[in-house]
Amino acid sequence: MTTEADSLRGAARRLALRFTGLIVALFLVMAAVIVTLVAVTEREALVQQLLSAEHIDSPSDAPPGVYVAIQQGDGMRVSDNAPAGFPDADDIRSVTASGGPVQETRTFDGEAFIVRTDGDSGRVVQVAVNRQESQAELRRVLLALAIAAIPTIGGAALLGWWMSMRAMRPLADALAMQRRFVADAGHELRTPLTLLSTRAQLLRRTAAPSAGNDEVVTGLDEIVADAKALTGILEDLLIAADPRRDAERVAVDLGGLAAESVTSLRAEAASRGVALELEADAGVTVLGVRVSLARVVVALVSNALDHAVSRVLLSARAQGEWAVLDVRDDGPGFPPGVAERAFERFASTRSGDESEAGRRHYGLGLALVAEVAHRHGGDVAIVGAPEGGAVVRVRLPLRPAA
């Protein structure tokens, strides 16, 4: 089982990785900018050398690393120690014919040169500048950045871990406090629930059915069933409050669960003058936590009873790979635009006026329905009801066939 310390370390590790990734991304962007600037600067320096060397009078005046060939008339003068292949005769002929400059990257003696050929005062000048030094400078910059990346990434990882642990500690303490509160509340509630169930069962045993006390016996049976249901709900809430725990999933007949909820809520519906009806297909089975799904049905029916005028209808059916539960009422329906917020905790909306009476509240019921549906791999939505009223639809994955 995952401990609090494991959860804290896992969350801190994920946060530290995100922080380190952000630092690495920023470093890479900075490195790309630096490399681009160095490359552009070096190339501009080479081009400036080319342009300056075009106007020298003699190839012997060329600076080191720069080679010049001057064709004037039928004569050709070339720098001493020029690399093999220089000058490029094709470029000279092209400039002689067109008069426009030609600038290319050429390879002489296995080394890369930037070569510019242009006309100058009745002559054709070709200048070649060795790119070796600029490439070496670029490699030095790359090496420096690679060396700087090691402490940068390592420091970012350590700093991210330290900051993550500091940031997560108050949250971990708050979560631990919350779990202790939930556990304590659950422990305190179990005792009165157990006593209530035990006393109801003792009374049920002493109250033999007779012509005069049938209602008492039935009421005691319902109290025992309700106490059992409350105990199950309490356990489910304790599990839901702790993400490290999960209840065992079993096969649940959605139609049967809806029938049980209708039976338990029929008296409440009758007291409001609302008819509670059920349409359930056989074999609509899902894999889930029975108590949680019972809470979904009860919450939906209770919400429908709060707004129904005379009728609430439950329907459970299979639709493709989904089990679909619809709860329909003939009330005023959901106001426009509320469908996106109705499943938020304590959502509310106004129905035309700004008074408190004009505000329609949805409390926690629909929010809990959404949470349970999502935990079971399903969803919940408000669907259109052309004939009026409101329809809330829950979809859950059907249990795979054995």
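## Cavity, pocket and strands in a predicted model

The largest cavity has a volume of about 50 Å³. By the rule applied here, the count comes to one cavity of 30 Å³ or more. Ten residues line the largest cavity, and the closest to its centre are Asn303, Ala304, Val327, Asp329 and Val392. Two or more lining residues come from each of helix 6, strand 10 (322-329) and strand 14 (390-397). Helix 6 supplies the largest share of this lining, with four residues. By class, the lining of the largest cavity divides into six nonpolar, two polar and two charged residues.

The structure described in this report is a predicted model.

### The chain as a whole

The chain contains seven helices and 14 strands. Of its 402 residues, 35% are buried. Contacts between residues at least 6 apart in sequence give a further view of the fold: 61% of them join residues at least 24 apart.

### The largest pocket

Besides the cavity, the model has an open space to consider. The largest pocket holds about 920 Å³ of space. It is lined by 28 residues, of which Ala225, Asp226, Ala229, Ser264 and Val298 are the closest to its centre. The elements that give two or more residues to this lining are helix 4 (214-241), helix 5 (254-271), helix 6 (290-307) and helix 7 (365-375). Which helix gives the most to the lining of the largest pocket? Helix 4 does, with nine residues. In terms of class, the lining of the largest pocket has 16 nonpolar, six polar and six charged residues.

The two spaces may be set side by side in a table.

| Space | Volume | Residues in the lining | Element that gives the most |
|---|---|---|---|
| Largest cavity | about 50 Å³ | 10 residues | helix 6, four residues |
| Largest pocket | about 920 Å³ | 28 residues | helix 4, nine residues |

Helix 6 appears in both descriptions, since it is among the elements that give two or more residues to the lining of the largest cavity and to that of the largest pocket.

### Strands 10, 13 and 14

Strand 14, one of the elements in the cavity lining, is paired with two other strands. Strand 10 and strand 14 run antiparallel and are joined by eight bridges. Strand 13 (residues 379-383) also runs antiparallel to strand 14, and five bridges join these two.

Individual residues show how the strands are matched. Val391 in strand 14 stands opposite Arg328, and Val383 likewise stands opposite Val391. Further along, Ala381 has Arg393 of strand 14 as its bridge partner.

Strand 13 and strand 14 together form a hairpin, with six residues between them. In the turn, Gly388 has a positive phi of about 105 degrees.

### Gln126, a buried residue

Is Gln126 buried or exposed? Gln126 lies in strand 5 (residues 123-130). Its relative accessible area is 0%, and because buried means under 20%, Gln126 counts as buried.

The side chain of Gln126 takes part in polar contacts. One reaches the backbone nitrogen of Asp88 at 2.6 Å. Another, of 2.9 Å, joins the side chain of Gln126 to that of Thr117. When neighbours within four places in sequence are left aside, the residues in contact with Gln126 are Tyr67, Val68, Ala69, Phe86, Pro87, Asp88, Asp91, Ile92, Val115, Arg116 and Thr117. Both Asp88 and Thr117, the partners in the polar contacts, thus appear in this list.

### Two partly exposed residues

Two charged residues in helices may be considered next. Asp173 is found in helix 3 (residues 132-206). With a relative accessible area of 42%, Asp173 is partly exposed, because this value falls between the limits of 20% and 50%. How far apart in space are Asp173 and Leu8? They are 165 residues apart in sequence, and their C-alpha atoms are 9.8 Å apart.

Glu235 belongs to helix 4, the helix that gives the most to the lining of the largest pocket. The relative accessible area of Glu235 is 26%, so Glu235 is also partly exposed. Glu235 and Ser292 are 57 residues apart along the chain, and 9.7 Å separates their C-alpha atoms.

Key: Residues numbered from 1 in each chain as written. Predicted model: local features only at pLDDT ≥ 70, side-chain atom pairs only at ≥ 80, totals over all residues. Heavy atoms only, no water. 1 Å grid on protein atoms, 1.4 Å probe; cavity = no way out; pocket = protein on both sides within 12 Å on 5 of 7 lines; lining within 4 Å. Points joined across faces, edges and corners; volume = space filled by probe spheres on them. Buried < 20%, exposed > 50% of the residue type's maximum accessible area, 1.4 Å probe, protein only. Polar contact = N/O pair within 3.5 Å; in protein donor to acceptor, adjacent residues only side chain to side chain. Contact = heavy atoms within 4.5 Å. Pairing = 2+ DSSP bridges.
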